[in-house]
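Let's take a friendly look at the sheets in this model. Here is the structure to keep beside you as you read.

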Amino acid sequence: MGKGRLVALYSIAFSFAFLMAWAQLPQAGKSGEAGGMATAGVFKAQLDSAHRPITAGGTVKTGPVVFTNIAAKAGLTVWHRTSGAAIKRMILEAKGGGVALLDYDNDGWLDIYLVNGSTVNAMDGRETPPHAALFHNNHDGTFTNVAAQAGVTNDRWGYGVVIADFDNDGWPDIYVTNFGKNRLYRNNRDGTFTDVAEKAGVALGTWSTGATFGDYDGDGNLDLFVAGYLKYDPHHPPLPGAETSGASSCRFRGVPVLCGPRGLTGEHDHLFHNNGDGTFTDVSDKLAVSDPNGYYGLGALFVDVNNDGHPDLVVANDSTPNYLYINKGDGTFEDRSYLSGYAFNGEGREVANMGIAAGDYENNGHLDLMNTTFADDSDVLFRNDGTGNFTDVSYPSGIAAPTIPFVGFGDGFIDYDNDGWKDLFVANGHVYSSADKHPEWGSSYAQRPLLFRNLRNGNFALVPAVEGTGLAEVSVGRGAAFGDLFNDGKIDVVINNADGVPVLLRNVNPDHHHWVELKLVGGPGSPRDAVGATVYLIANGMRQRGDVLSGGSYLSSNDPRVHFGLGDATDAGTAEIHWSSGKKESVRLPAPDRIYTVTEDKGITASLCMGRPCAPATSSR
């Protein structure tokens, strides 16, 4: 019997065992009854020894300290995200926003962009709208908000942000999705930006959420995909208790809550082809990726899931089946959503998908996917067989059970301890602001994040949340972005919350493992920022994979540099780079604990040691 069939049977067995166990749990009725966003049923409340919901409690006195929240010390708490009123009565107020890590001024240090929301009064011009933040990295552990000077404040109701060099000039640009028209901030290369969305033809004007850039047709120019969520009128919204047409989803566990998305009309998706002249053409209908079903799109990511060198397109849909469009290599896509196993979880159910993480957690060269979901459903870990076919291994991997009480949003595969194996981080936060008033739910509005350590055998173990540390920090988490903010080789996390100040989790894990990072610069035929390139690092007896991706997590964009942990190895190994142009290049890395710039056809062209230029380095190819 083939290995793939064994895995499938194993997953079915776990699913059956889960369903049998679930049948024994006390239930307050199916979530689908009144519409909640989970489809598994209602699980018994999980409380810790102090009778706190596990989502806010469950902490321990001692244990490994991995993250500490330094947002205030770093200067980020001068900014506050607004998402409508404090009591969330509209789904427009509940979804929160994303965060992006980018080096907007090309000084070698990551800066932070945080998307803000708005209020109905601000949209009507009756009050000053909240503004987004662009925090410049001061290279000393602090950040300064320069959004106004840079011209990127986005006075609209913002949701997502994605970073890419769409015009191939060597400087990262910013695309912000909104309720209403979107922004495309072109980098002016002098610390300022100009919104060219209207001129470029990508402003739209609907409710846009997740966005991703990728060169789907191989012409060297980055194309743009934008997911649509709902058709929504904030002046006549469906409200709990109101007899509004389409407002059937306004109760959770028998309690009136905000309405949607079920029962409401979904928005369509858009794929924009980059014309190479600063403009884009909408090819969504032509390429059959427009979502005629009107599913509720949230996460979106261009990523090569079948290892053929062409970026495929995955879309995480809220409370509806996911999409997986396989790139055929001729400028067209094939819808493999259902045949691939990605449309539903392993039990054949649609779930409330939020964020998407992509990473090779088994070090077998295959990119796996992780989708975050609503409470009473587990987050879903999709294991890739290497051909773009997926198996839900959430239960056997150890991911499922701990995530069931939480409402997951931002997520990422990160090697937090630099041992060469990708771990998994999830940012959480409820969507119902009334959660704290219902102890029978066993949940909380503000929730702590989850960190799973890779056990190197296909399984994960939950890292305990030590009191007073970052893993015990509760917030109404939404977007999360991952990257090396301090150029010290450790992956940090920035979380944008539904309401409130950001969280900056600095990685203080005490390991002394080595690492290496690569900033890739594409040559002719590739996007300049190398989006879509894949790196295989052969070092420390392992072959790791890293990809340059634009977008992902929940409405967010991560560090574009590819990061590899080396464990105790002092040999940085050899990087085998598969460029988007189709070229392959091997680069010997001279030493660990450095950030190398590798330019297509030129090898290593720069290196940073603790944020400063290293002594001249050479490479052999």
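Two strands count as paired if DSSP finds at least two bridges between them. The strands themselves are DSSP runs (E, at least two residues), numbered from the N terminus. This is a predicted model, where local features need pLDDT of at least 70, side-chain atom pairs count only at pLDDT 80 or more, and totals for chains, interfaces and linings use all residues. Residues are numbered from 1 along each chain as its sequence is written, and side-chain values use heavy atoms, with hydrogens and water left out.

With that in hand, look at β20-β21-β22-β23: these four strands, in that order, make an open sheet with antiparallel pairing. β20 (356-359) and β23 (390-392) each have a single partner strand, so one side of each lacks a neighbour in the sheet. From one strand to the next, the twist averages 25°; angles like this run from 0 to 180 degrees between N-to-C directions, with axes fitted as lines to C-alpha atoms.

Another open sheet is built from four strands in the order β16-β17-β18-β19, again with antiparallel pairing. Its edge strands, β16 (296-303) and β19 (333-335), pair on one side only. Here the twist averages 20° from one strand to the next.

Now for a pair of strands from each sheet:

| Strand | Partner strand | Bridges and sense |
|---|---|---|
| β17 (residues 312-318) | β18 (residues 323-327) | three bridges, antiparallel |
| β21 (residues 368-371) | β22 (residues 380-384) | three bridges, antiparallel |

Which residue of β18 is the bridge partner of L313? That's Y325. In β22, L381 sits opposite M370.
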